[in-house]
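Please take me through this structure feature by feature, giving the general idea before the particular case.

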Amino acid sequence: QKLDFPLDIIHCVHDLTHRVVRSNSQGLMKSSFNLGPLLTGEYDAVIPITSRGLMMNVGELNGSVAFLGYRLFPDDSKGPAELSNVIRNVGDKIIAVDGVST
């Protein structure tokens with residue numbers, strides 16, 4: 001089944017796929033990538049993609065790709081990643097996306 005997403009969402013996901021987090025689990029799905037065992041303080045995360053994108057802000061912080069916060073839907077409701085607290089803290093470094101190091 002082909003899904004049609006707005007071009008800006010496709011670009012956002014493409015960009016984040018090359019820069020964001022280790023794909024995970026948290027019970028949602030298992031990653032097929034073998035990045036080795038997690039180090040102390042690291043955790044895996046699967047970011048749900050909504051019709052409005054990932055509903056989170058990512059950027060550079062002290063020379064690293066980092067989580068900068070969640071975004072709300074236009075009706076001010078929280079996205080699924082925030083509701084599940086997928087990314088734990090503002091400032092958490094994103095060290096890989098789909099097994100590719102940032």
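The dialogue below moves from the whole chain to its turns.

Q: What should be known about the model before its features are read?
A: This is a predicted model, in which local features need a pLDDT of at least 70 and side-chain atom pairs count only at pLDDT 80 or more, whereas totals for chains, interfaces and linings use all residues. Residues are numbered from 1 along each chain as its sequence is written, and side-chain values use heavy atoms, with hydrogens and water left out.

Q: What pLDDT does the protein average?
A: The pLDDT is the predictor's confidence in each residue, on a scale from 0 to 100. The protein averages 77, and 66% of the residues score at least 70. Over residues 20–32 the pLDDT is below 50, although this stretch has 43 contacts in the model beyond near neighbours in sequence, a contact being heavy atoms within 4.5 Å.

Q: How many helices and strands are there in the protein?
A: Helices (H or I, at least four residues) and strands (E, at least two) are DSSP runs, numbered from the N terminus. The protein has 2 helices and 4 strands, and from the N terminus on these elements run α-β-β-α-β-β.

Q: What percentage of the residues count as buried?
A: Buried means under 20% relative accessible area, exposed over 50%, and partly exposed in between, with a 1.4 Å probe and protein chains only. Of the 102 residues of the protein, 30% count as buried. Among contacts with a separation of 6 or more, 49% are accounted for by residues 24 or more positions apart.

Q: How do E1 and E2 run, parallel or antiparallel?
A: Two strands pair if DSSP finds at least two bridges between them. Here 6 bridges join E1 to E2, and the two strands run antiparallel, with Gly59 standing opposite Ala66 in E2. The two strands form a hairpin with 2 residues between them.

Q: Which residue in the turn of this hairpin has a positive phi?
A: Most residues other than glycine have a negative phi. Asn62, in the loop between strand E1 (56–61) and strand E2 (64–70), has a positive phi near 55°, and this residue is exposed, with a relative accessible area of 78%.

Q: Where is Asn85 placed?
A: Asn85 lies in the loop between helix H2 (80–83) and strand E3 (96–97). The phi of Asn85 is near 50°, again a positive value in a residue other than glycine, and at 41% relative accessibility Asn85 counts as partly exposed.
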